[in-house]
Amino acid sequence: MFVKLLTGLLIWIGYSSYSWGVALQDLGNGTIRDYDTGLYWQRVDDGTPRHWSIAQSYCNSLTLAGKSNWRLPNSKELVSIIDLRKLGPAIDKDVFLGAKSSLYWTASIWANNLNGTIVWAVDFDTGAIEA
């Protein structure tokens, strides 16, 4: 899954055992299984802009593929699906449908200050991570 800063969403669930072969597999139920990390991802970006706290709530309350233990990925997890051989977006659009060349939220906090919480986001245009 990834939850997008400007539009959309893709999030992950749980861990699974490692399997050799294709790294990303469409399970045909709205999810992608990542054999490199053991994570499951929401396949389709829904195109809905969300504030960070709303994105977290959305992920935490999502039921997809019969599972309800979804969450916003941390920065390391979200960067793991970046494909730097691709740009604009730097992700496999055949696997992750609707992925856009924009920023996607992570659960990783960069800083808390008087103006609020600053979190890391992944730029799916270039694959860069930024706060």
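The legends below accompany close-up views of a predicted model of one protein chain.

**Figure 1. Overview of the predicted chain and its order of elements.** The chain contains two helices and nine strands, and from the N terminus on these elements follow the order β-β-β-β-β-α-β-α-β-β-β. Of the 131 residues of the chain, 42% count as buried. Among the contacts in the chain with a separation of 6 or more, 59% are accounted for by residues 24 or more positions apart.

**Figure 2. The largest pocket and the residues that line it.** The space in this pocket comes to about 190 Å³. Its lining is made up of Ala23, Leu24, Asp34, Asp36, Ser80, Ile81, Ile82, Asp83, Arg85, Asp92 and Val95, and these residues divide into five nonpolar, one polar and five charged. As general background, rolling a probe the size of a water molecule over the atoms shows where empty space is left.

**Figure 3. An edge-to-face pair of tryptophan rings, Trp110 and Trp120.** The count of aromatic pairs in the model comes to two. In the pair shown here, the ring centres of tryptophan 110 and tryptophan 120 are 6.3 Å apart and their planes stand at 80 degrees, so the pair is classed as edge-to-face, the class for planes over 60 degrees apart. Tryptophan 110 belongs to strand S7 (residues 103-113) and tryptophan 120 to strand S8 (residues 116-123), with their positions 10 residues apart in the numbering, and the pair links distant parts of the chain. Tryptophan 120 has a relative accessibility of 25% and therefore counts as partly exposed.

**Figure 4. Serine 108 in strand S7 and its contacts.** Serine 108 is found in strand S7, and because its relative accessibility is 15%, which is under the 20% limit, this residue counts as buried. When neighbours within four places in sequence are left aside, serine 108 is in contact with Asn74, Ser75, Val119 and Trp120, the last of these being the tryptophan that is paired with tryptophan 110.

**Figure 5. Leucine 84 in the loop between helix H2 and strand S7.** Leucine 84 lies in the loop that runs between helix H2 (75-79) and S7, and with a relative accessibility of 62%, over the 50% limit, leucine 84 counts as exposed. Not counting residues up to four places away in sequence, leucine 84 touches Thr126 and Gly127. The C-alpha atoms of leucine 84 and glycine 127 are separated by 6.6 Å, although the two residues are 43 residues apart along the chain.

**Figure 6. Backbone details at proline 89 and alanine 65.** Most residues other than glycine have a negative phi, and most peptide bonds are trans. Glycine 88 and proline 89, by contrast, are joined by a cis peptide bond with omega of about 5 degrees, and proline 89 is found in the loop between H2 and S7. Alanine 65 has a phi near 55 degrees, a positive value in a residue other than glycine. Alanine 65 lies in the loop between helix H1 (52-61) and strand S6 (70-71), and its relative accessible area of 33% makes alanine 65 partly exposed.

**Figure 7. Arginine 50 over the ring of tyrosine 58.** Arginine 50 lies over the face of tyrosine 58, and the distance to the ring centre is 3.9 Å.

Key
Residues are numbered from 1 along each chain as its sequence is written. This is a predicted model: local features need pLDDT of at least 70, side-chain atom pairs count only at pLDDT 80 or more; totals for chains, interfaces and linings use all residues. Side-chain values use heavy atoms; hydrogens and water are left out. On a 1 Å grid over the protein atoms alone, a cavity is a set of points where a 1.4 Å probe fits but cannot get out, and a pocket is an open set with protein on both sides within 12 Å along at least five of seven lines; lining residues have an atom within 4 Å of a point. Grid points are joined across faces, edges and corners, and a volume is the space filled by probe spheres set on the points. Ala, Val, Leu, Ile, Met, Phe, Trp, Tyr, Cys and Pro count as nonpolar, Asp, Glu, Lys and Arg as charged, and the others, Gly among them, as polar. Rings of Phe, Tyr and Trp (its six-membered ring) pair if their centres lie within 6.5 Å; planes under 30 degrees apart count as stacked, over 60 as edge-to-face and the rest as tilted. Helices (H or I, at least four residues) and strands (E, at least two) are DSSP runs, numbered from the N terminus. Buried means under 20% relative accessible area, exposed over 50%, partly exposed in between (1.4 Å probe, protein chains only). A charge sits over a ring if NZ of Lys or CZ of Arg is within 6 Å of the ring centre and within 35 degrees of the ring normal. Contact means heavy atoms within 4.5 Å.
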